[in-house]
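Please open the model in a viewer and keep the selection tool at hand. The tour below proceeds stop by stop, naming what to select and what is found there.

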Amino acid sequence: ISRNFAISGLGGGFYSNNSTINIANTIIEWNSSNQGGGINSNQSVLNFDEVSLLNNSNGNVNGGGGLYSYNSELNFSGILASGNYTSGSGGGMYIYGCTIALLDMSIVNNTADQSGGGISIAEGTVGNISNSTVTDNEATNGSGININSGTQNTLSFTDITVAGNVASSSGGGFYMVYSTTGIEITNSSVNRNTAVYGGGIYLHDSSNPILTNTMVYGNTAAYGGGLYCKNNSNPTIRNVTITGNNGTSYGGGIYCLNSSDPVLTNSIVSHNIGGHGIYAYSSNPSISYSDFWDNELGNYHGAGEWIGENVTINSNGDSCDVYSNIQIDPSYIDSEHDNYQIEDYSHCIGAGTLTGAPVADIEGSLRPSPTGSNPDIGAYENLQAAPQRMPVTINIPVDYATIQAGLNVADSTD
């Protein structure tokens, strides 16, 4: 379906109204309209398998470069949306008040002048997006995924990668506003996105998603390299690893302000640059059983009394604060190549709490492992129940005069 233009303004490739449409192995490309450059769906059921939406355009603020869908049921598998453009919101897709089951999608290189370069989701939408990638899209806000609900949604994002997206203002990866409850991001990765506010994730006006077993790394922003939380936005963050983000002004890892109180449990915030691990202004974050380490301007700012003050020990015997937070190198296996699993000697092993912990990690491995132990801190679960001895390099003759003398003190792992 190629190179069509809807004079009436709805659906350049095709328009569906109160219908059931089944499409497979089809390319919809170079179409244009004022609403839904490729497709416009109104109160319909769309069942798509292996469909490509390519280089479609929408020149109206109504949105939907590739797809505009209102009050419809969307069952998609194997969808590619690439090169689509809108002067409004939803470069790849604009979804409003729909029930969705979207699987195995690739949303790449789409552009929206307003919000949602890849996908824009409006109020009343329920369902899930899983096993999909949203990469290299551009918009003013929410270059990857924009969620502007206005009312409660029930949306889950599982096993998705949101990466390399660029927002000229806010929310390089995710942008959420008025998204009060019911949004979950699980077993996912938000990485190498860029914005001014919230390089990875931007939360505004009572947006309270739940992040579980998720990696947030390598994102860049002036404020909130990893996450930006503003105006009563209170995300729940459990078994999440937030590392290597850059907040050039405030909050290398997390920036929260105006009564935004994130709840962090079993999470790692480490090696973030250009700011603190968490920077809180007029906010009261809750942080427990977590590891903050080597954040450029310090691990905490304004996070509350006794946070980060080591006054006791945890179950591993490591020094920690009264909330069981540690400040020890998490010992990633190979962070230079994006391997954020933890070494057998990591002090994050067994340092978490069972309360609220997921039953598996980001890769589906049992948590805690082994059964009966405490869970690990971070997105990945190690197989050990407790930290193992860290191997030591013994230099002869610097450390010991003879090889035998070195062998006498060495462990089998040295």
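A polar contact is a pair of N or O atoms within 3.5 Å; within protein, one atom must be able to donate a hydrogen and the other to accept it. The model on display is a predicted one.

**Stop one: Asn40**

Select Asn40, which lies in strand S4 (residues 39-42). Its side chain makes a polar contact with the side chain of Gln35, at 3.0 Å. Is Asn40 buried or exposed? With a relative accessible area of 2%, Asn40 is buried. Next, display the surroundings of Asn40: leaving aside neighbours within four places in sequence, the residues in contact with Asn40 are Leu10, Gly11, Phe14, Tyr15, Ser16, Gln35 and Tyr68. Then add Tyr70, which is 30 residues from Asn40 along the chain; the two C-alpha atoms are separated by 8.2 Å.

**Stop two: the sheet**

Switch to a cartoon view and follow the strands. An open sheet is formed by 12 strands with parallel pairing, in the order S1-S4-S7-S11-S15-S18-S21-S24-S28-S32-S35-S38. At its edges are strand S1 (14-17) and strand S38 (300-301), each of which pairs on one side only.

Within this sheet, select residues 201-204 and 227-230. These are strands S24 and S28, which pair in the parallel sense over four bridges. To see one bridge pair, select His204 together with Lys230, its bridge partner in S28.

Continue from S28 to Asn232, placed in the loop between S28 and strand S29 (236-238). Asn232 has a phi near 60°, a positive value in a residue other than glycine. For comparison, most residues other than glycine have a negative phi. Asn232 counts as partly exposed, at 41% relative accessibility.

**Stop three: Ser267**

Select Ser267, in the loop between strand S33 (263-265) and strand S34 (268-270). Ser267 has 0% relative accessibility and therefore counts as buried. Which backbone atoms does its side chain reach? One is the backbone oxygen of Ile237, at 3.5 Å; another is the backbone nitrogen of Val240, at 3.1 Å. Ile237 and Val240 also appear among the contacts of Ser267 beyond four places in sequence, together with Arg238, Asn239, Tyr289, Ser290, Asp291, Ile377 and Gly378.

**Stop four: the salt bridges**

How many salt bridges does a search of the whole structure find? The search finds two.

For one of them, select Arg192 and Asp338, whose side chains meet at 3.0 Å, N to O. This pair links distant parts of the chain, 146 residues apart: Arg192 is in the loop between strand S23 (189-191) and S24, and Asp338 is in the loop between strand S41 (332-334) and strand S42 (339-342). Arg192 is partly exposed, with a relative accessible area of 43%, and Asp338 counts as partly exposed at 28%. While Asp338 is selected, inspect its backbone: phi is near 60°, a positive value in a residue other than glycine.

For the other, select Glu381 and Arg367, whose side chains meet at 2.7 Å, N to O. Glu381 and Arg367 both lie in the loop between S42 and helix H1 (403-409), so the salt bridge ties together parts that are 14 residues apart in sequence. Glu381 counts as buried at 9% relative accessibility, and Arg367 counts as buried at 3%.

**Stop five: two cis peptide bonds**

Remain at Arg367 and add Pro368. A cis peptide bond joins Arg367 and Pro368, with omega about -5°. Pro368 lies in the loop between S42 and H1. Next, select Ser369 and Pro370: the peptide bond from Ser369 to Pro370 is cis, with omega near -5°. Pro370 is placed in the loop between S42 and H1. Most peptide bonds, by contrast, are trans.

**Stop six: the cysteines**

A disulfide is a covalent bond between the sulfur atoms of two cysteines. How many disulfides does the structure hold? It holds zero. Select Cys256, which is in no disulfide; its nearest cysteine sulfur, that of Cys229, is 5.9 Å away. Cys256 counts as buried, at 0% relative accessibility. Finally, select Cys320, which is likewise in no disulfide; its nearest cysteine sulfur, that of Cys348, is 13 Å away. Cys320 is buried, with a relative accessible area of 0%.

Key:
Residues numbered from 1 in each chain as written. Predicted model: local features only at pLDDT ≥ 70, side-chain atom pairs only at ≥ 80, totals over all residues. Heavy atoms only, no water. Pairing = 2+ DSSP bridges. Helix = DSSP H or I, 4+ residues; strand = E, 2+ residues; numbered from the N terminus. Buried < 20%, exposed > 50% of the residue type's maximum accessible area, 1.4 Å probe, protein only. Contact = heavy atoms within 4.5 Å. Salt bridge = Lys/Arg side-chain N within 4 Å of Asp/Glu carboxyl O. Disulfide = S-S within 2.5 Å.
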